[in-house]
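This report goes through selected strands and charged side chains of one protein chain. Please keep the sequence and the coordinates open while reading.

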Amino acid sequence: MHRRTHRRTHRRTHALAAATVAASTATAAALALTLATTATAAPRTEPAPTPSAVTSDFNGDGYADLAVGMPDATVNGKAKAGYVNLVWGGKKGLGGYGSIRVSQATPEVPGSPETGDRFGASVLLQDLSNDGRAELIIGAPGEDIDGRGTDAGAITVVGGAKTGTGPGSTGMTGPSARSAYGLSVAAADLTGDHQRDLVVGGRDTVAVHAVVDNGEDVVLTTVLNAPMGGRAPVLATGDFSADGVDDLAIAYHTVDTPSTQSHVRLWSWDEAERRMANTWNSDNGAASALAVGDFDGDGLDDLALGECREIADENIDDPCGPESYAKGGGIHLLYGDEKSFGLRSQTLNQDTVGVYGVAEADDRFGASLAVLDQNRDGLDDLVAGAPGEAIGTRKGAGAATLLLGHEGGIVDRFGEASSVPYHQDRPRVPGVAEKNDAFGTALATGDYDKDGVPDMAVGAPGENAGSGGVWVFPRASVTNSRALTPKNLGLPSPTAALSYGRYLSSH
């Protein structure tokens with residue numbers, strides 16, 4: 001068995017996607033708050049906090065940082081040229097140390113801002129060079145490439161630096177017009193050579209690139225060419241084959257183009273063939289988000305499918321668990337197994353005992369996902385965004401829910417879950433829940449204050465008439481929670497429709 005300590009050395013990515021959530025009564029909210037207290041205050045034998053390994057530290061100060069992609073922002077008068085807001089972590093956590101903007105107008109970054117580049121449509125912080133500073137990896141699916149055409153797309157890698165930014169390079173570009181390279185991005189050591197590879201999602205394609213010593217990249221293999229309905233392929237990495245090397249998970253679907261198809265598939269590196277080989281499939285079930293963690297503590301990676309639902313008619317039974325769980329958005333969990341991945345599974349939604357809220361149409365529970373071990377019990381916990389959730393009568397105000405891991409997984413042996421709710425009308429959470437805030441659209445986790453306990457960030461791109469915001473929950477607690485907005489961060493045009501918080505980097 002691959003022990004948990006071994007698994008923790010893997011560099012995993014958690015895919016984030018947009019979400020929406022449903023109405024909750026005052027009684028349900030009160031019950032949820034009671035549950036939140038009991039879920040976090042139950043007696044436990046907890047180890048002393050120890051700082052976790054930091055993979056998203058851009059300036060090398062030992063604290064995790066947060067990157068917020070803003071592809072809809074105007075740069076140098078160019079609409080939707082886009083930039084990335086890099087928010088510094090520190091002893092006081094996110095929001096106490098300012099931020100910087102990184103765009104194609106930044107001296108160290110190649111290229112120039114152009115209308116519709118959408119620089120920042122995907123964003124990731126990963127230490128690709130193993131020098132203790134994370135690189136900032138940025139997708140610009142609207143980038144035009146000479147000789148390849150309009151919207152070929154590109155990935156830019158910007159080096160970390162103590163102040164400002166290090167040198168940047170743009171080597172990963174779409175092969176043709178409308179390739180939209182950079183709709184999604186992930187990073188992991190997929191080949192077992194102890195170097196992180198970049199996975200790039202574009203329009204109807206996913207490819208793996210290796211970053212070599214001189215900073216250039218080599219296309220290792222095209223993983224997939226298939227219709228994806230114009231959506232960004234959802235990417236996540238983890239050791240699903242239990243062989244000590246990370247694998248790749250991809251979720252994608254189409255609707256009536258020309259026929260409806262939906263897939264969640266796994267690929268592993270085949271050294272003999274020098275390519276990624278398809279090793280596992282779940283067809284007919286679409287997922288809006290993927291996340292990887294060890295939710296049952298057996299040392300093996302598990303895969304969570306967020307907002308999983310059956311959308312095609314291919315006579316495949318229950319690809320996302322019982323159909324009744326799809327109401328309002330269901331989460332389907334596939335558990336690691338040394339011989340047969342996914343042999344054991346669980347499904348839950350907001351009607352599951354112990355889960356905050358009530359399953360209602362258009363909640364989109366699980367449309368974004370993130371992983372952390374909030375109570376440090378050795379079992380990973382899962383955070384699920386529901387940006388369509390109604391808070392009171394305010395439709396689409398949005399919410400997020402922390403689902404605690406148990407020995408049996410996210411759902412315990414009695415079929416129940418333990419959860420903690422987060423939304424703007426909860427006591428000690430800044431702001432007021434308003435229609436279409438879309439709180440929970442994106443999620444990120446990291447130990448931003450380096451106190452040994454992971455923190456949580458929740459995006460609400462609809463806040464303030466679409467200007468947006470990110471809510472920070474230190475130790476995943478409402479105590480000392482704060483909101484980061486374009487206005488209080490001093491960003492330009494703070495009242496414009498920036499959708500701040502729609503795209504967040506994972507740790």
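Which residue in β13 is the bridge partner of Thr237? The bridge partner of Thr237 in β13 is Leu248. The model is a predicted one, in which local features need pLDDT of at least 70 and side-chain atom pairs count only at pLDDT 80 or more, while totals for chains, interfaces and linings use all residues. Residues are numbered from 1 along each chain as its sequence is written, and side-chain values use heavy atoms, with hydrogens and water left out.

**Two open sheets**

Strands, like helices, are DSSP runs numbered from the N terminus (E, at least two residues, for strands; H or I, at least four, for helices), and two strands are said to pair if DSSP finds at least two bridges between them. Thr237 belongs to an arrangement of 4 strands that form an open sheet in the order β12-β13-β14-β15, with antiparallel pairing. At the edges of this sheet stand β12 (234-238) and β15 (275-283), and each has a single partner strand, so one side of each is left without a neighbour in the sheet. Neighbouring strands here are turned by 25 degrees against each other on average, direction ignored; the axes behind such values are lines fitted to C-alpha atoms (for helices over the stretch in contact), and angles run from 0 to 180 degrees between N-to-C directions. The antiparallel strands β12 and β13 (residues 247-254) are joined by 5 bridges.

Another open sheet of 4 strands has the order β4-β5-β6-β7, and its pairing is antiparallel. Its edge strands are β4 (122-126) and β7 (168-173), each of which pairs on one side only, and the twist from one strand to the next averages 20 degrees. Between β4 and the antiparallel strand β5 (residues 135-140) there are 5 bridges, and Glu135 in β5 is the bridge partner of Gln126.

**Strand β27 and its partners**

Strand β27 (residues 470-473) is covered on both faces, with Val470 and Val472 on one side and Trp471 and Phe473 on the other, all of them buried (buried means under 20% relative accessible area, exposed over 50% and partly exposed in between, with a 1.4 Å probe and protein chains only). In a regular strand the side chains alternate between the two faces of the sheet. Strand β26 (residues 455-459) runs antiparallel to β27 and is joined to it by 4 bridges, Val458 having Trp471 in β27 as its bridge partner. β27 also pairs in the antiparallel sense with strand β28 (residues 482-484), over 3 bridges, where Arg482 is the bridge partner of Val472.

**Salt bridges and a buried aspartate**

Side chains of opposite charge can pair when their charged atoms come close. With a salt bridge taken as a side-chain nitrogen of Lys or Arg within 4 Å of a carboxyl oxygen of Asp or Glu, the count comes to 8 salt bridges, including the following.

| Salt bridge | Closest N to O distance |
|---|---|
| Arg274 and Glu271 | 2.8 Å |
| Asp296 and Arg344 | 2.9 Å |
| Asp451 and Arg475 | 2.8 Å |

Arg274 is partly exposed, with a relative accessible area of 43%, and Glu271 is likewise partly exposed at 45% relative accessibility. The salt bridge of Asp296 and Arg344 links distant parts of the chain, 48 residues apart, with Asp296 in the loop between β17 (289-293) and β18 (302-310) and Arg344 in the loop between β19 (330-334) and β20 (345-348). In this pair Asp296 is buried, at a relative accessible area of 11%, whereas Arg344 is partly exposed at 35%. Asp451 and Arg475, which meet in a salt bridge, also connect distant parts of the chain: Asp451 lies in the loop between β25 (442-446) and β26, and Arg475 in the loop between β27 and β28, 24 residues apart. Asp451 is partly exposed, with a relative accessible area of 24%, and Arg475 is partly exposed with 37%. In addition, Glu307, Arg309 and Arg364 are linked in a network of salt bridges.

Asp197, found in strand β9 (residues 197-202), is buried yet has no salt bridge, and the nearest side chain of opposite charge, Arg274, is 8.3 Å away (Lys and Arg count as positive and Asp and Glu as negative, with His and the chain ends not counted). A polar atom of the Asp197 side chain lies 3.0 Å from the backbone nitrogen of Leu190. Leaving aside neighbours within four places in sequence, the residues in contact with Asp197 (heavy atoms within 4.5 Å) include Ala186, Leu190, Val208, His209 and Leu220.

Definitions and conventions. A polar contact is a pair of N or O atoms within 3.5 Å; within protein, one must be able to donate a hydrogen and the other to accept it, and residues adjacent in sequence count only if both atoms are side-chain atoms.
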